[in-house]
Amino acid sequence: MNNNNNEELGILIGVAKPDQVTFESKRPVSIGEYVILNYGKGKVLGLVESSSISSDALGNGIRNYEEAHESKIVASENRRDKSFKGHVRILGYLDELKRCKAILPALPPEPGTEVYEASAQDLTAIFAPAGDEWIRIGTLLRNTEVDARVNVDKIVSRHLAVLAMTGMGKSNLVSLLAKEIARINGTMVVFDYHDDYSTLDMGNNNSNLMDARINPRLLSADKLAEVIEIQENASNQMHVLRVAFTEEVKQRKGDDFWDALINAVAAAGADKAYREAAAKVVDKIDDARRKFHNILDPGMSDPLALVKNGKINVINLVELTERQANIAVSFYLEELLDDRKKATRQKKGHVKSPPMFPAPVLVVIEEAHVFIPRDEDTDTKYFASKVAREGRKFGLGLVIVSQRPRGIDANILSQMGSLAVMRMIQQDDQAHVSAASEALSRDLIDQLTSLNPGEAIFAGQWVNLPTFVKVDEVKERKIGGDQKAVEEWSRLAAMKQVAKESSESYVPSGYIHDG
């Protein structure tokens with residue numbers, strides 16, 4: 001039977017609710033399949049959130065193998081033995097969903113209502129809308145002929161969290177977003193904590209790779225103390241640095257800055273009570289100057305000036321310690337937010353000097369549980385929270401990426417308007433995501449353990465409906481996966497053997513001892 005090109009799949013049974021129904025299916029149904037029901041004011045779309053197969057003959061009452069074997073034969077000869085059930089979440093009237101509106105029927109469908117497979121045409125209208133703001137990310141997981149697209153405007157204005165255990169495709173999804181945003185000439189800043197994106201080919205010179213730099217002259221005394229690794233409880237050393245780090249010292253550039261700072265610290269140590277502390281601060285400055293000469297640059301004007309409009313800016317943090325990376329990320333976040341505020345005020349005629357970034361910017365923070373932890377206050381957490389709250393008004397979007405959602409600050413996570421959630425086994429992670437987001441139902445959360453690498457559930461404002469997606473693979477990515485140790489060791493051994501044979505070829509016959 002058919003209902004306007006929709007193939008019949010089953011019939012509603014049991015107790016039906018306005019938002020949840022159960023049906024008996026002709027065949028096994030997969031989680032993530034979309035179905036059509038016709039009742040109320042028209043066609044209604046539903047999502048299969050769980051499914052089951054049961055057998056009357058092979059029920060839980062089987063007591064031994066012989067009984068199971070005999071029951072298997074009985075079950076195979078009885079067409080009525082198997083039961084295929086699907087539990088469906090009602091998503092709304094189909095025609096309204098095509099107009100990006102989710103309107104639920106007021107009444108539940110009656111038991112006996114027929115259930116149909118959703119057609120590719122219907123699903124395309126909902127999950128692959130036309131418009132420049134919609135970019136392709138992959139296909140529907142159970143309907144691979146239908147594109148899955150996401151709304152970039154919503155990512156920038158309402159933020160996004162990418163959450164999954166290691167190896168499930170978080171970096172691949174971020175790479176795919178970067179490639180698509182590069183294609184439409186967007187501006188993106190990726191804080192690359194593990195050097196995952198430096199080899200990503202954006203095409204047409206659309207990427208801007210840069211090492212994170214910190215200009216110590218632009219920092220406060222407390223932040224400078226963190227950068228040069230003065231302990232928080234070293235109160236005398238902190239006092240000396242605060243006294244020495246004067247505006248006059250900050251005016252010096254390059255090596256003159258370091259020399260002036262050391263001289264000022266030494267002068268602060270003239271006080272006998274701080275002599276020992278001053279000597280230790282001088283040592284800290286010398287160490288930092290030597291160890292981090294490629295990161296700490298008092299000669300540069302403004303690190304933000306190196307970030308380019310219309311590019312995918314990848315800021316490499318791999319050489320920074322965790323504390324230094326934290327300071328660097330917080331610095332960029334603060335400066336970007338201030339600049340975007342300036343751009344907004346300029347449109348209203350309140351600012352005369354032009355902003356660096358006249359158009360919206362999307363920022364990606366990898367390892368979000370490190371930079372915006374749940375139980376610790378960090379500089380990045382403070383400014384990420386401000387971006388999460390205020391970024392929508394000023395065109396500064398935030399993407400947080402983590403394999404430990406339970407370690408992320410719940411307040412910031414709850415402000416991520418969109419979610420891409422992949423395989424997640426830890427119940428603590430599932431509970432934290434469920435508590436922080438209204439976009440994912442408990443049934444969807446329960447399905448996270450069944451997802452394979454590259455498969456995800458998209459929910460929130462960047463999609464019209466909760467969507468099971470097979471994410472496209474970015475094949476240009478050269479790193480980010482597991483190391484192939486056996487292959488590398490074999491290659492190294494082969495090179496050694498070639499080198500040995502080459503060197504032996506220069507030794508006259510009879511001089512090589514074969515022992």
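Here is a walk through this structure, from its nonpolar inside to its charged surface.

Before setting off, keep in mind that this is a predicted model, where local features need pLDDT of at least 70 and side-chain atom pairs count only at pLDDT 80 or more, while totals for chains, interfaces and linings use all residues. Residues are numbered from 1 along each chain as its sequence is written, and side-chain values use heavy atoms, with hydrogens and water left out.

Let's start inside. A nonpolar core here is a set of buried Ala, Val, Leu, Ile, Met, Phe, Trp, Tyr and Cys residues joined through side-chain atoms within 4.5 Å. "Buried" means under 20% relative accessible area, "exposed" means over 50%, and "partly exposed" is anything in between (1.4 Å probe, protein chains only). The largest nonpolar core holds 140 residues, and Leu45, Leu261, Leu317 and Phe458 have the most contacts inside it. Which helix gives the most to this core? That would be α11 (residues 322-347), with nine residues. Apart from this core there is another one, of 15 residues, including Leu9, Val48, Val88 and Ile90. A quick word on names like α11: helices (H or I, at least four residues) and strands (E, at least two) are DSSP runs, numbered from the N terminus.

Stay with helix α11 for a moment, since Phe331 lies in it. Phe331 is buried, with a relative accessible area of 13%. Look across to Phe383: these two are 52 residues apart along the chain, yet their C-alpha atoms are separated by 8.7 Å. Helix α11 also holds Lys341, which pairs with Glu390 in helix α13, 49 residues apart, and so links distant parts of the chain. Their contact is a salt bridge, with the closest N and O atoms 3.1 Å apart. Buried or exposed, what are Lys341 and Glu390? Both are buried.

That brings us to salt bridges in general. Side chains of opposite charge can pair when their charged atoms come close. The rule used here asks for a side-chain nitrogen of Lys or Arg within 4 Å of a carboxyl oxygen of Asp or Glu, and by this rule the count comes to 25 salt bridges. Take Lys98 and Asp122, whose side chains meet at 3.0 Å, N to O. This pair also links distant parts of the chain: Lys98 sits in helix α2 and Asp122 in helix α3 (residues 120-127), 24 residues apart. Lys98 is partly exposed at 33% relative accessibility, whereas Asp122 is buried at 9%.

Now compare that with Glu180 and Arg183, which form a salt bridge at 2.8 Å, N to O. How are these two separated in helix α5? They are three residues apart, so about one helical turn lies between them. Glu180 counts as buried, at 16% relative accessibility. Salt bridges can also be linked together, and Arg136, Asp147, Arg149 and Asp472 make up one such network.

Just after helix α5 comes a loop worth a look. Asn185 lies in the loop between α5 (170-183) and β10 (187-192). Its phi is near 65°, a positive value in a residue other than glycine, and Asn185 is exposed, with 56% relative accessibility. Cys100 also has a phi near 65°, again positive in a residue that isn't glycine. You'll find Cys100 in the loop between α2 (94-98) and β6 (114-117), where it is partly exposed at 46% relative accessible area.

Two more spots show how parts of the chain are placed. Asp287 is in helix α10 (residues 275-291), and it counts as partly exposed at 33% relative accessibility. Asp287 and Ile228 are 59 residues apart along the chain, with 7.9 Å between their C-alpha atoms. Over in strand β11 (residues 207-211) sits Leu209, partly exposed at 48%. Its C-alpha atom is separated by 8.9 Å from that of Tyr197, 12 residues apart along the chain.

Finally, the charged surface. Lys154, Arg158, Lys348, Arg392 and Lys393 gather there in a patch of positive charge. Patch members have over 30% relative accessible area and no salt bridge; like charges are joined within 9 Å, and nonpolar side chains (Val, Leu, Ile, Met, Phe, Trp, Tyr) within 5 Å. Helices α4 (152-158) and α13 (379-394) each supply at least two residues of the positive patch. One patch member, Arg158, is in helix α4 and is partly exposed, with a relative accessible area of 31%.

Notes: Accessible areas come from the Shrake-Rupley method with a 1.4 Å probe; for residues, only the protein chains shown count as cover. Lys and Arg count as positive and Asp and Glu as negative; His and the chain ends are not counted. The place of a charge is taken as NZ of Lys, CZ of Arg, CG of Asp or CD of Glu.
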